[in-house]
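Reader: I should like a close look at a single part of this model, with its surroundings described in one connected account. Please begin from the side chain you consider a useful entry point and work inwards from there.

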Amino acid sequence: MRYDLLKILLVDDNHHMRVLLAEILRALGVKNIYEANDGAEGLQMMRNHAVDIVMTDLSMQPLDGIDFVRLLRNSPDSPNQLAPVIMITGHSTFARVNEARDAGVNEFLAKPLTARGVVERIHQVVENARPFVRTDDYFGPDRRRRADPDFKGPWRRGTDPQAR
């Protein structure tokens, strides 16, 4: 992968976490790293710069990561509704992960951060990007990560082969 071509936005209200993440990205060869202190600043940064991947913290003030992703995915003036989002969190409870997933997050990265975890998530959003889905109450990457051959329930999407 050509990390030197990626443009990554880091959105975190903790300066030290942004520095750590930026150093990991630089060690991988990423040259274009943008930083924002919160979700509102992140959206503005995306209006000013073409960004390939967003890495955002879940817990921030005044606009947290989940609200940031909801605005990014659903706002009519969103700078890039399709931007892949990697949510970084130390609060990886089932409820918070589901809430972020339902907001349109592509991948999760739990703290403490490791270079390997960063590489794996970037690889996942670039090399194995999931298609986007729009429903009445959701817009974002398909929440189904894999096809389950043993699934016997009703197929609900028109694009599912069995639904036709």
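**The first helix and its surroundings**

Author: Because its relative accessibility is 44%, which falls between the 20% and 50% cut-offs, R26 counts as partly exposed. The model is a predicted one, and R26 belongs to its helix α1. The C-alpha atom of R26 lies 9.1 Å from that of Y3, although 23 residues separate the two along the chain.

The setting of this helix is a protein of five helices and seven strands. Read from the N terminus, the order of elements is β-α-β-α-β-α-β-α-β-α-β-β. The chain has 164 residues, of which 43% are buried. Among contacts with a separation of 6 or more, 61% join residues 24 or more positions apart. The exposed surface comes to about 9200 Å², with 51% supplied by carbon and sulfur atoms.

Helix α1 also takes part in an enclosed space. The count of cavities of 30 Å³ or more is one, and the largest cavity holds about 40 Å³. Two or more residues of its lining come from each of β1 (7-11), α1 (15-28) and β3. L10 and V11 are the contribution of β1, while α1 supplies M17, R18 and L21. The residues M55, T56 and D57 of β3 (53-57) also line this cavity, as do D12 and I88. By class, this lining consists of six nonpolar residues, one polar residue and three charged residues.

From the cavity, β1 and β3 lead on to a neighbouring helix, α2. Both strands, together with β2 (32-36) and α3, are among the elements that cover the buried residues of α2. Those buried residues, in a helix that spans residues 39-48, are G39, G42, L43, M45 and M46. Seen down the axis of α2, they fall within an arc of 160°, and therefore they line one face of the helix. In an α-helix there are 3.6 residues to each turn, so residues three or four places apart point the same way.

G39 connects this buried face with a loop farther along the chain. P62 follows G39 by 23 residues in sequence, yet their C-alpha atoms are 8.0 Å apart. P62 sits in the loop between β3 and α3 (65-74). A cis peptide bond links Q61 to P62, with omega about 0°. Whereas G39 is buried, P62 has a relative accessibility of 67%, over the 50% cut-off, and so counts as exposed.

Helix α3 then recurs as a packing partner of another helix, α4. The buried residues of α4, which covers residues 94-103, are N98, A100 and A103. They pack against α3, β4 (85-89), β5 and β7 (139-141). I88, already named in the cavity lining, lies within the residue range of β4. Just after α4, G104 adopts a positive phi of about 120°.

Strand β5 (107-110) brings the account to a further loop, between this strand and α5 (115-127), where P112 is located. Here too there is a cis peptide bond, joining K111 to P112 with omega about 5°.

How values were computed
Residues are numbered from 1 along each chain as its sequence is written. This is a predicted model: local features need pLDDT of at least 70, side-chain atom pairs count only at pLDDT 80 or more; totals for chains, interfaces and linings use all residues. Side-chain values use heavy atoms; hydrogens and water are left out. Helices (H or I, at least four residues) and strands (E, at least two) are DSSP runs, numbered from the N terminus. Buried means under 20% relative accessible area, exposed over 50%, partly exposed in between (1.4 Å probe, protein chains only). Contact means heavy atoms within 4.5 Å. Accessible areas come from the Shrake-Rupley method with a 1.4 Å probe; for residues, only the protein chains shown count as cover. On a 1 Å grid over the protein atoms alone, a cavity is a set of points where a 1.4 Å probe fits but cannot get out, and a pocket is an open set with protein on both sides within 12 Å along at least five of seven lines; lining residues have an atom within 4 Å of a point. Grid points are joined across faces, edges and corners, and a volume is the space filled by probe spheres set on the points. Ala, Val, Leu, Ile, Met, Phe, Trp, Tyr, Cys and Pro count as nonpolar, Asp, Glu, Lys and Arg as charged, and the others, Gly among them, as polar. The arc is that of the directions from the helix axis to the C-beta atoms.
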